[in-house]
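Please report on the chain contact, the ligand site, the salt bridges and the backbone oddities of this model. Keep it brisk, and give the cut-offs.

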Amino acid sequence: MIASQSKLSKLFIKCKSENRAALIGYLPAGFPNQSDSIKIIKAMIEGGVDAVEIGFPYSDPVMDGPVIQEAAEVARKNGITMAKTLDIVKEISATGVPTLLMTYWNPIERYGPEKFAHDFSVEGMEGVITPDLPIEEAGVWLATAKENSIHSIFVIAPSTGDGRLKDVTSNCSGFIYAASSMGVTGTQTSVANTASALVERVRKISGTPVAVGLGVSNRVQASEVAKFADGVIVGSAFVKAVLQNPSDPATAVRKVAEELSLGVRER
Amino acid sequence: MLAEEDIAGKFGQFGGRFVPEALIGALDELERTHNEAMSDPVFLAELAHLNATYVGRPSILTDAKNFSKHCGGAQILLKREDLNHTGSHKINNVIGQALLTKRMGKKRVIAETGAGQHGVATATAAALMGFECVVYMGEEDVRRQSLNVARMKLLGAQVVPVTSGSRTLKDAINEAMRDWVTNVADTHYLLGTVAGPHPFPTIVRDFHSVIGNEAREQVLALNGKLPDAVLACIGGGSNAIGIFNRFIGDAGVRLIGLEAGGDGIETGRHASTISGGTVGVLHGTRTYVLQDENGQTVESHSISAGLDYPGVGPEHAYLHDLGRAEYRSVTDAQAMEAFALLSREEGIIPAIETAHALYGAMVLGKELGKDATILINLSGRGDKDVQTAAAWFGIEL
Ligand SMILES: Cc1ncc(COP(=O)(O)O)c(C=O)c1O
């Protein structure tokens, strides 16, 4: 695969032609357990998610609020590993949707960046979001990702200064992950104002698609963000749906996805 | 050695900055503020004034002649950081960072704490300088260090028990980082040890270097020569770096850090990160980490809340790899033996953290013999540990 011909890149072109934003759904690998995790992610896709971001549950998730922390703990208790995550990536990418991984840096470093990039791209993973790897520390990773034709996706924040914004965005491929606000993952009541200002700043210096995440949880918010961003990233709302509906999490997740997918089409 | 560290906060392959993008601006601001402050005579004078009139510096050096008998007769010199205001070395770093907080115009400080000593020191400085103060503390540590929880509350701080993960220091740091990411505009994260992302390992070392600077002078004045070895316990490694730093250039002086061995490294229930860990990234820095094959942090275990941490400062990792410092492991039982001995022989009840270094001296003294001089950083006093010690020794309260 050449990165520009990835399913992810084609998705953003398609969404543009349809005058809508892409809906990117996050769920942790192995949550609540290995087999249900696959069913639930598939339900999220059936509900209308355009791309999937699979999180690798980590012991010290400093970017995550209580909801995703709880999910990561459940998945870890139920024995999630890198090897099992690889199996999930394989199953999900086989559905044809662009499949990404989101992980803190230490698990990649421990697995070995080269081996990680190789093993996961073979199973269809197209990109990696690294929320605690600043660009200054990313030299080895950027080279490795490029070699394996993997999109490297970095996070930008409202506090990112103009000079830095150029450095970070020019190293992003696939899309740029714009954090809607200063804070950790979780649902928030308002997201649009700081996020639109940040996206506007990016538009002036980069042609790469921009997706907004952190705190988007419902149809109204999704449509607000879709007015200025190319993608809407939703995580905690899906996790919450699973936590609150233990008897039928897949149906609950599908419903959330259906609502949100209407939102990203209401520009 | 020090030149290496100047490369963007790196200590050889260790250190650096592995944090969410939202914190980069704040870390840059902190680095800039610290650099300016350390060459500003007004700042340095204010720091020296507070050290002299509030902390109680210089701290004295005690020749522990009775305890020496248990150390193969070697001369044991105790650098008495336990006599500082609030009862440990932690205040040195706190006063420095509190002045940096003022300089940055921030009004709120947050901190993590294990033993509660750093939390108490931070609450103290916040009271002095009029900051709002929130301290994150693992639920397990809230239980075993309840005296310090009460002290923090009396000082006007809010103590937030952390219930995630292992409910100890590691998780308190996670929670403090989350607070910081969210409130970074008006909040300074007053990190309590030489770990964390750049510039913390450098800042915390700089403010604790006063320990070694004083001690080196004091030992020279007393003996007319340098000590043979300098010992300190290692949690994140701040009291150790503080006393080591001035001696790093003295090639003949052995630097030895004592890590918490818990039930023994072989049991897997320990906090000996350098002796029993592997290279990884934790809490924003590359260093030795207790982790499994998936890169998940493994919970540490120690009777001492202040050493119960699965990481270690990056400069220690570097000094270890260079061979400039040695790191040994001391079990709970060994530390408690030294705790009891120092109390009875010298009339000094040490912190359980410190007792690990004291046991290290009992072993090293026997190795080196009676002509040796061993300088120990007596990092804190044991008042906070009375409950734990009473339970250990079967004393009814
Ligand atoms: C008295 C005392 N010594 C040592 C430590 C360990 O910290 P560090 O390794 O940063 O000196 C603590 C931490 O709470 C402490 O209270």
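Buried means under 20% relative accessible area, exposed means over 50%, and partly exposed is what lies in between (1.4 Å probe, protein chains only). At 36% relative accessibility, A:E91 counts as partly exposed.

This is a predicted model, in which local features need pLDDT of at least 70 and side-chain atom pairs count only at pLDDT 80 or more, while totals for chains, interfaces and linings use all residues. Residues are numbered from 1 along each chain as its sequence is written, chains are lettered from A and ligands numbered from 1 in the order in which they are written, and side-chain values use heavy atoms, with hydrogens and water left out.

**Salt bridges**

A salt bridge is a side-chain nitrogen of Lys or Arg within 4 Å of a carboxyl oxygen of Asp or Glu. Over all chains, the whole structure holds 45 salt bridges. Some of them are tabulated here.

| Pair | Closest N to O distance |
|---|---|
| A:K42 and A:E91 | 3.1 Å |
| A:R219 and A:E266 | 2.4 Å |
| B:K384 and B:D385 | 2.7 Å |
| A:E109 and B:R286 | 2.6 Å |

A:K42 forms a salt bridge with A:E91. The pair links distant parts of the chain: A:K42 sits in helix α2 of chain A and A:E91 in helix α4 (residues 82-93), 49 residues apart. Helices (H or I, at least four residues) and strands (E, at least two) are DSSP runs, numbered from the N terminus. A:K42 is partly exposed, with a relative accessible area of 28%.

The side chains of A:R219 and A:E266 also meet in a salt bridge. This pair too links distant parts of the chain, 47 residues apart: A:R219 is in helix α10 (residues 219-226) of chain A, and A:E266 is in the segment after α12 (249-263). A:R219 is partly exposed at 30%, and A:E266 is partly exposed at 29%.

In chain B, are B:K384 and B:D385 buried or exposed? B:K384 is buried, at 5% relative accessibility. B:D385 is buried, at 1%. Elsewhere, salt bridges that share partners join B:R57, B:K79, B:E81 and B:E214 into one network.

**Contact between the chains**

Contact means heavy atoms within 4.5 Å. Chain B gives 31 residues to the contact and chain A gives 33 residues. Together the two chains bury about 2,700 Å², 47% of it on carbon and sulfur atoms. On the chain B side, B:E21, B:R178 and B:Q296 lose the most area to chain A, together 26% of what that side buries. Buried area is the accessible area (1.4 Å probe) that two parts lose on being put together, summed over both.

Four salt bridges run between chain B and chain A. One of the salt bridges in the model joins A:E109 and B:R286. There are also 21 residue pairs in polar contact between the chains (both at pLDDT 80 or more). The elements giving two or more residues to the side of chain B that touches chain A are α9 (169-183) and β12 (278-282) of chain B. Of these, α9(B) gives the most, with seven residues. By class, that side has ten nonpolar, twelve polar and nine charged residues. Ala, Val, Leu, Ile, Met, Phe, Trp, Tyr, Cys and Pro count as nonpolar, Asp, Glu, Lys and Arg as charged, and the others, Gly among them, as polar.

**Ligand site**

The ligand is surrounded by 18 residues, the closest being B:T193, B:G235, B:G237, B:S238 and B:S379 (near means a heavy atom within 4 Å). A polar side-chain atom of B:K90 lies 3.1 Å from a ligand oxygen atom. For B:N239, a polar side-chain atom lies 2.8 Å from a ligand oxygen atom. B:G237 brings a polar backbone atom, 2.7 Å from an oxygen atom of the ligand. A polar contact is a pair of N or O atoms within 3.5 Å; within protein, one must be able to donate a hydrogen and the other to accept it, and residues adjacent in sequence count only if both atoms are side-chain atoms.

**Buried polar residues**

B:Q97 is in helix α5 of chain B. B:Q97 is buried, with a relative accessible area of 0%. Beyond four places in sequence, B:Q97 touches residues including B:H188, B:L190, B:F200 and B:F207. B:T122, in helix α6 (residues 117-129) of chain B, is buried at 1%.

**Backbone**

Most residues other than glycine have a negative phi, and most peptide bonds are trans. A cis peptide bond joins A:F31 and A:P32, with omega about -5 degrees. The bond from B:R57 to B:P58 is cis, with omega near -5 degrees. A:S149 is not a glycine, yet has a positive phi of about 50 degrees. B:T86, also not a glycine, has a positive phi of about 75 degrees and is buried at 5%.
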